[in-house]
Amino acid sequence: MSSRRKFVKSTVVGGIGLTFLSTAKSYSQIIGSNDRINVAVMGTNSRGHALTKVFMAGDNVLITHICDVDSKVVDKTVTMAHETQGSKPKGEKDIRKVLETKDLDLLVIAAPDHWHAPAAIMALQAGKNVYVEKPCGQNAREGELIVEAQKKYGKVVQMGNQQRSGIFTAAALKDIAEGLIGNTYHAKCWYSNKRESIGHGKTAAIPAELDYELWQGPAPREDYRDNVIHYNWHWFKNWGTGEICNNGTHAIDVARWLLDVEYPTKVTSAGGRYHVDDDWEFPDTQTAAFEFGDKKSIAWECLSRNGMPIYDQMTGTLIQGTKGNMLVNTNGYRLYDKSGKQIKELLSDSTLDTADLVGVNKLSYNHATNTLNAIRKGEQLNSPIIEGHKSVLLCHLGNIAQQVGRTLQIDHTNGHIIDDDQASALWGREYAKGWEPVV
Ligand SMILES: NC(=O)c1ccc[n+]([C@@H]2O[C@H](COP(=O)([O-])OP(=O)(O)OC[C@H]3O[C@@H](n4cnc5c(N)ncnc54)[C@H](O)[C@@H]3O)[C@@H](O)[C@H]2O)c1
């Protein structure tokens, strides 16, 4: 049974799942409130700081460790967590030391992309559950490794594709299953932004607060440069994965889920770095297209440096069907007939206000709650890691097609590239000696 059909059966047709309807309060009545989950968060400059708030808002959770290689970042998040939960998490820079903690239950990974799979595998080997930010690997092979490791160690692994935990996305799935837009055959997804130039960096002294050796971790060593840390590593191939894996993952994951497709048969990409002359190593303008064997396709459009909205949205997914269209974003969805007339709208607030914590993103809160319930009582994950991997793989294949400049033929049973040695050589990566992830 396909993943979409399975999800519809277990979650939507049988009544929208508990995850979508319960609040933190109602959970404390349903589950034993003594089974506290101890959480460490790795990488807390930005997303990890937000995820610390998100997990603290979960029922009966204690943030026990804040792990970051930047001591200023550690201080900032430890202070925030201490003020919020009343107990001070331990600050630590080395994830290996954090993973030695016996009663740690969950590692939340929001370090840069080159750390995701290696840290997740180390955590699984230490017997911990994992919430890993997207993308689940810096390259295609790492996605496979994390799936293998989850199977081997049997712990919960969820990726940060939080739209899968949106009540409206589940309702969208139900409308599609009931045929409201007919047979679905194509999804168009996009992301627009007005990202500024990062200029041309130069070799510089490593800031005193940063352990650059640990920041690099599994990645082959490069001199410290002044325009990479924090955040801009996203645009360098040694650490990052470009806009398609960064923001594309979300919209492409929704497209793949709602279209009910898995591995593609063919991948193409057109585009380039057109806007400014800076150090970006990925395109700022890209159209990647994915064909699936069963008369279905997905097209991803990236406008990293052109904030022109598409269908009035900076990001989204348009699902096309034989009877109509569905426009989805992080706030809900609209249905249109074939001539573009709106026939239904379901929108929701994107933030959740709680008494002690304001502004926690509701999708992330639902996703975290689902992860906690999977750990506590075996609740089905809204996005098992294999689903995260399949969506992220499309993004990596889009990057590979862009880099080699030709169409990739893909084995639809496993997503591997067929008969193209140059493209296949980009499936994995080189590692710094001693840091190779081994399952
Ligand atoms: N799901 C979402 O909606 C969402 C949103 C934003 C970011 N993200 C993901 O979160 C990740 C982090 O993004 P960001 O914007 O916060 O990046 P960032 O560069 O601002 O922060 C990364 C942090 O990780 C730390 N770090 C690096 N190596 C480390 C190590 N070995 N141990 C501990 N900490 C380490 C850095 O010092 C920094 O504080 C990315 O992979 C990104 O794709 C997901």
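**Exercise 1. Where does D419 lie, and is D419 buried or exposed?**

Solution.
Step 1. In this predicted model, D419 sits in the loop that runs between strand 17 (408–409) and helix 14 (421–424).
Step 2. The phi of D419 is near 50 degrees, a positive value in a residue other than glycine.
Step 3. Most residues other than glycine have a negative phi.
Step 4. A residue counts as exposed if 12 or fewer other C-beta atoms lie within 10 Å of its own. D419 has 8 C-beta neighbours inside 10 Å, so D419 counts as exposed.

**Exercise 2. Which loop holds D312, and what is the phi of D312?**

Solution.
Step 1. The loop between strand 10 (296–303) and strand 11 (315–321) contains D312.
Step 2. Phi of D312 is near 65 degrees, again positive in a residue other than glycine.
Step 3. D312 is exposed because 8 C-beta neighbours are found inside 10 Å.

**Exercise 3. Identify the cis peptide bonds that precede P135 and H230, and place each of these residues.**

Solution.
Step 1. From K134 to P135 the peptide bond is cis, with omega near -10 degrees.
Step 2. P135 belongs to the loop between strand 5 (129–132) and helix 8 (140–153).
Step 3. From I229 to H230 the peptide bond is also cis, with omega near 0 degrees.
Step 4. H230 belongs to the loop between helix 10 and helix 11. H230 is also listed among the closest residues to the ligand.
Step 5. As background, most peptide bonds are trans.

**Exercise 4. Describe the shell around the ligand: how many residues surround the ligand, and from which helices and domains are they drawn?**

Solution.
Step 1. The ligand is surrounded by 28 residues, and the closest are G43, N45, S46, R47 and H230.
Step 2. Sorted by class, the shell has twelve nonpolar, ten polar and six charged residues.
Step 3. At least two shell residues come from each of helix 4 (47–56), helix 7 (113–125) and helix 10 (212–216).
Step 4. Domain 1 (3–164 + 371–377) and domain 2 (167–201 + 211–352 + 385–424) each contribute at least three residues to the shell.

**Exercise 5. Check the span of helix 11 against 1.5 Å a residue, then describe its bend and burial.**

Solution.
Step 1. Helix 11 covers residues 242–259, which is 18 residues, and the expected span is 26 Å.
Step 2. The end C-alpha atoms of helix 11 are 24 Å apart, which agrees with that expectation.
Step 3. At G248, helix 11 bends by about 65 degrees.
Step 4. Of the 18 residues of helix 11, 18 are buried, so this helix is largely enclosed by the rest of the structure.
Step 5. Just after helix 11 comes D260, with a positive phi of about 65 degrees.

**Exercise 6. Treat helix 8 in the way used for helix 11: what is its span, and what covers its buried residues?**

Solution.
Step 1. Helix 8 has 14 residues and reaches 21 Å from first C-alpha to last, close to the expected 20 Å.
Step 2. The buried residues of helix 8 are A140, E142, G143, E144, L145, I146, V147, A149 and Q150.
Step 3. Their cover includes helix 7, strand 6 (157–159) and helix 13.
Step 4. G154 follows helix 8 and has a positive phi, near 70 degrees.

**Exercise 7. Follow the chain from helix 12 to G378: how many residues of helix 12 are buried, and is G378 buried or exposed?**

Solution.
Step 1. Helix 12 has 16 residues and reaches 22 Å between its first and last C-alpha, close to the 22 Å expected.
Step 2. Helix 12 is mostly covered, with 13 of its 16 residues buried.
Step 3. G378 follows helix 12 with a positive phi, near 70 degrees. The loop in which G378 lies is between helix 12 (362–377) and helix 13 (385–404).
Step 4. G378 has 9 other C-beta atoms within 10 Å and is therefore exposed.
Step 5. Although G378 and V156 are 222 residues apart along the chain, their C-alpha atoms are separated by 8.8 Å.

**Exercise 8. Which residues is S391 in contact with, leaving aside neighbours within four places in sequence?**

Solution.
Step 1. S391 is part of helix 13.
Step 2. S391 is buried, because 28 other C-beta atoms lie within 10 Å.
Step 3. With those sequence neighbours left aside, the contacts of S391 are N161, T249, I252, D253 and R256.
Step 4. N161 is 230 residues from S391 in sequence and 9.5 Å from S391, C-alpha to C-alpha.

Key
Residues are numbered from 1 along each chain as its sequence is written. This is a predicted model: local features need pLDDT of at least 70, side-chain atom pairs count only at pLDDT 80 or more; totals for chains, interfaces and linings use all residues. A residue is near a molecule or strand if its C-beta atom, placed from the backbone, lies within 6 Å of it. Helices (H or I, at least four residues) and strands (E, at least two) are DSSP runs, numbered from the N terminus. Ala, Val, Leu, Ile, Met, Phe, Trp, Tyr, Cys and Pro count as nonpolar, Asp, Glu, Lys and Arg as charged, and the others, Gly among them, as polar. Domain bounds come from an automatic or database domain assignment. The expected span of a helix is 1.5 Å times one less than its number of residues. The bend at a residue is the angle between axes fitted to the seven residues ending there and the seven starting there. A residue is buried if 20 or more other C-beta atoms lie within 10 Å of its own, exposed if 12 or fewer, and partly exposed in between; C-beta atoms are placed from the backbone. Two residues are in contact if their C-beta atoms, placed from the backbone, lie within 7 Å.
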